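Let's take a walk through this one, a piece at a time. Keep the viewer open and follow along.

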Amino acid sequence: MSEQTVLVINCGSSSLKFSLIDPDSGEEFVSGVAERLMTEQAFIKISHQGKKQQTALSEPFDHQIAVNFIVGVLEQVGLADKVSAVGHRVVHGGESYSQPTMITDEVKASIAELGKLAPLHNPVNLVGVEAAEQAFEDTPQVAVFDTAFHQTMPEKAFIYGLPYHLYKQHGIRRYGFHGTSHFFVANQAAKALQQPINETSVITAHLGNGCSISAIENGKSVDTSMGLTPLEGVVMGTRSGDIDPGIVFHLIEQLNYTPDKVNSLLNKESGLLGISQMSNDCRTIEEAIVNDNDQHADLTMDIFCYRIAKSIASFMAALSHFDALIFTGGIGENSNLVRSRVVRSLALLGLTIDPQRNSDVRFGKQGLISTDDSVKCLVIPTNEELVIAMQSAQVIAEQAQE
């Protein structure tokens with residue numbers, strides 16, 4: 001174990017994920033997730049040295065109590081004194097943050113202010129920061145922003161077709177998300193292709209319950225599918241992705257939906273769940289196709305894969321050359337069905353799947369899934385926690401040199 005280990009915290013509205021990671025070796029010493037916080041069903045799962053343990057929390061735990069519980073776990077396994085920094089995933093950094101940043105009172109105020117752009121995420125991210133500050137009083141805290149990687153996008157990619165003053169005065173523009181994931185897999189792709197990252201241009205498809213596509217030109221993000229919020233883009237688990245904005249007015253004016261109901265519909269009731277009327281879990285839909293020959297499930301999967309393929313094809317306009325297509329995220333890493341259907345629609349881009357390779361590269365494996373005469377198509381498992389740990393350690397090291 002190196003002298004510097006980073007506790008990575010990813011705080012959600014009712015959950016808190018954590019990992020203690022060596023940023024040099026990538027070794028993960030202990031990890032876990034507290035879920036259903038602030039309810040009587042709260043529980044925490046811990047993984048340490050290959051052993052997993054789930055503990056019911058006897059009282060409604062908030063994020064502060066969850067952090068204190070994690071400190072107790074670290075003390076129990078003799079690792080509490082090894083935490084040299086805490087790295088926090090913060091969803092929205094706006095235009096203020098293009099790099100990981102040491103957390104100060106000023107930065108916390110900015111995170112709170114940016115909550116107006118990410119009201120479901122930034123406030124709870126800040127709760128996690130303040131809980132960790134109390135638990136680790138003298139330990140540096142670093143914010144790593146989901147939006148930071150996409151701050152290299154040119155104006156033509158991030159400006160909406162709206163009155164320009166809405167951007168200048170209110171920051172309404174495309175920001176993009178999943179930045180740590182796109183950054184990680186692009187760099188891993190460059191290594192796999194044996195070429196410098198600053199000469200590598202790829203399209204990365206992060207496919208999970210949330211999905212986003214990014215065009216990365218010579219190692220820098222030049223376009224991405226998510227926008228001002230994570231709602232824009234391709235069809236996702238419960239999010240609609242792109243729709244005609246007029247649908248919102250139709251729902252409100254003709255069907256008497258309230259704005260809150262529309263918000264819930266588009267974010268929580270749509271996507272795979274809404275179309276299939278079955279589940280937001282891709283595995284459940286695939287099982288219905290394979291085991292029951294369910295035609296509606298098959299249609300759901302076709303819609304999902306077509307929208308992803310269409311987004312990938314559109315991003316060719318952002319690149320000067322194209323080295324590879326990268327799949328990552330829970331669906332991207334594990335669903336050979338999704339990958340084959342997406343790539344089947346991209347034959348004009350010179351992409352062809354090798355069925356055996358596609359079947360073999362699953363469940364945490366990295367590898368080539370295209371034929372030898374195809375533009376390369378790779379599966380690369382993402383590791384956002386490692387990115388946060390590495391970038392947090394880098395911030396600490398740079399500050400120590402000042």
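## Two hairpins in a row

Start at the turn between strand 2 and strand 3: these two strands make a hairpin with six residues between them. Look for Gly-26 in that turn, where phi is positive, at about 80°. Bear in mind as you look that this is a predicted model. Strand 2 covers residues 16–21 and strand 3 covers residues 28–35, and they pair in the antiparallel sense over six bridges. Two of the pairings are easy to find: Lys-17 has Val-33 as its bridge partner in strand 3, and Ser-19 has Ser-31.

Strand 2 has company on its other flank as well. Strand 1 (residues 5–11) is joined to strand 2 by six bridges, and this pair also runs antiparallel. The link here is a hairpin of four residues. Lys-17 turns up again, this time as the bridge partner of Asn-10. How much of strand 2 is buried? Five of its six residues are, so strand 2 is largely enclosed by the rest of the structure.

## The sheet around them

Zoom out and you'll see an open sheet of eight strands, with mixed pairing. Reading across, the order is 5-4-3-2-1-6-8-7. Which strands stand at the edges? They are strand 5 (51–56) and strand 7 (101–102); each has a single partner strand, so one side of each is left without a neighbour in the sheet. As a reading aid, in a regular strand the side chains alternate between the two faces of the sheet.

Strand 8 (residues 141–145) is where you'll find Gln-141. This residue is buried, with a relative accessible area of 4%. Its side chain reaches the backbone oxygen of Thr-139 at 3.4 Å. Setting aside neighbours within four places in sequence, Gln-141 is in contact with Val-86, His-88, Thr-101, Met-102, Ile-103, Val-129, Ala-132, Glu-133 and Phe-136. Thr-101 and Met-102 in that list belong to edge strand 7 (101–102).

## Helix 6, mostly tucked away

Helix 6 (residues 179–193) has 15 residues, which at 1.5 Å a residue should span 21 Å; its end C-alpha atoms are 21 Å apart, so the two agree. Eleven of those 15 residues are buried, so helix 6 is largely enclosed by the rest of the structure. Among them are Gly-179, His-182, Phe-184, Gln-188 and Leu-193.

What do the buried residues of helix 6 pack against? The list takes in strand 8, strand 9 (202–207), strand 10 (211–217), strand 12 (324–328), strand 14 (376–379) and helix 15 (384–401). Right after helix 6 comes Gln-194, which has a positive phi near 60°.

## Helix 11, with a buried side

Helix 11 (residues 295–314) has 20 residues and reaches 28 Å from its first C-alpha to its last, close to the 28 Å expected. At its start, a side-chain oxygen of Asp-294 comes to within 3.0 Å of the backbone nitrogen of His-296.

The buried residues in helix 11 are Ala-297, Thr-300, Met-301, Phe-304, Cys-305, Ile-308, Ala-309, Ser-311 and Ile-312. They cover an arc of only 160° around the axis, which puts them on the same side of helix 11.

## A spot on helix 7

For contrast, try Val-248 in helix 7 (residues 246–253). Is Val-248 buried or partly exposed? It counts as partly exposed, at 24% relative accessibility. Beyond its neighbours within four places in sequence, Val-248 is in contact with Val-262 and Leu-266. Gly-233 is 15 residues away along the chain, and its C-alpha is separated from that of Val-248 by 16 Å.

## The cysteines

A disulfide is a covalent bond between the sulfur atoms of two cysteines. How many disulfides does the structure hold? The count is zero. Take Cys-377: the closest cysteine sulfur is in Cys-305, 13 Å away, which is too far for a bond.

Burial is worth a look here too. Cys-377 counts as buried at 1% relative accessibility, and Cys-11 is buried as well, with a relative accessible area of 4%. Cys-305 is one of the buried residues of helix 11.

Technical notes. Residues are numbered from 1 along each chain as its sequence is written. This is a predicted model: local features need pLDDT of at least 70, side-chain atom pairs count only at pLDDT 80 or more; totals for chains, interfaces and linings use all residues. Side-chain values use heavy atoms; hydrogens and water are left out. The expected span of a helix is 1.5 Å times one less than its number of residues. Buried means under 20% relative accessible area, exposed over 50%, partly exposed in between (1.4 Å probe, protein chains only). The arc is that of the directions from the helix axis to the C-beta atoms. A polar contact is a pair of N or O atoms within 3.5 Å; within protein, one must be able to donate a hydrogen and the other to accept it, and residues adjacent in sequence count only if both atoms are side-chain atoms. Contact means heavy atoms within 4.5 Å. Two strands pair if DSSP finds at least two bridges between them. A disulfide is a pair of cysteine sulfur atoms within 2.5 Å.
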